Amino acid sequence: MEANESGFEITQKQGAWVIRMWWPTGPITGGPQRITVEAAEGSAGRDVARGISTTVLRRLDLAAAMKLAEKAPELQQGMEEVTAKVEEAGSAAGLLLTNEGVSEPYLAMLASTYKTMADLGAPAPVPWLARLIGRRPETVKDHLKRARREGYLTTVAGKAGGELTEKATEVLASFVNSDDDQD
């Protein structure tokens with residue numbers, strides 16, 4: 001494995017081919033974002049002349065590459081930092097709910113935190129978010145439905161997550177700016 005500031009690369013050799021898989025720096029949430037297949041140095045010309053076969057591609061071991069990537073110390077540190085920020089955002093949403101009820105800032109913060117959890121590939125973002133907010137998962141689901149209905153978060157059919165809307169971004173920006181004004 002080779003790592004630098006933009007990401008890391010894992011290399012596998014399959015017959016006459018070298019396969020390089022690249023992930024950006026940050027938490028591993030799925031397969032690589034780039035795969036390159038090149039002739040291995042010293043490969044027989046006849047093997048290379050035939051081109052890349054489906055057999056070479058089927059033998060690509062993504063699962064092993066992802067396991068190796070997830071164990072990288074620099075990625076573990078990044079994941080811990082991201083998780084801490086998500087936990088902080090979830091706790092802030094919980095404080096907003098306690099102090100203001102189901103307000104615009106709460107719905108925007110809830111939508112933002114949920115989106116981040118889903119983007120990280122969290123297997124169960126609603127229970128995690130419910131724990132941080134201090135409410136039952138059913139309540140959080142209802143609040144997320146309201147956030148979608150009121151235009152803070154888009155829907156992705158059959159998947160967790162969505163995109164923050166301009167409305168959510170504006171509410172979050174005004175919320176952050178009002179905090180800056182108080183400092």
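The chain contains eight helices and four strands, where helices (H or I, at least four residues) and strands (E, at least two) are DSSP runs numbered from the N terminus. Along the sequence the order is β-β-β-β-α-α-α-α-α-α-α-α. The model is predicted, and local features need pLDDT of at least 70, side-chain atom pairs count only at pLDDT 80 or more, and totals for chains, interfaces and linings use all residues. Residues are numbered from 1 along each chain as its sequence is written, and side-chain values use heavy atoms, with hydrogens and water left out.

Of the 183 residues, 34% are buried (under 20% relative accessible area, 1.4 Å probe, protein chains only). The exposed area of the chain is about 10,900 Å² (Shrake-Rupley method, 1.4 Å probe), and carbon and sulfur atoms supply 50% of it. Among contacts (heavy atoms within 4.5 Å) between residues at least 6 apart in sequence, 47% join residues at least 24 apart.

The largest nonpolar core (buried Ala, Val, Leu, Ile, Met, Phe, Trp, Tyr and Cys residues joined through side-chain atoms within 4.5 Å) has 28 residues, of which Tyr106, Ile133, Val140 and Tyr152 touch the most other members. Two or more residues each come from helices H4 (73-100), H5 (104-119), H6 (125-133), H7 (137-149) and H8 (166-182). The most, eight residues, are given by H5. Beyond its neighbours within four places in sequence, Val140 contacts Leu110, Val126, Leu129, Ala130, Ile133 and Arg135. Another core, apart from this one, has 11 residues, including Phe8, Ala16, Ala65 and Ala69.

How values were computed: Buried < 20%, exposed > 50% of the residue type's maximum accessible area, 1.4 Å probe, protein only.
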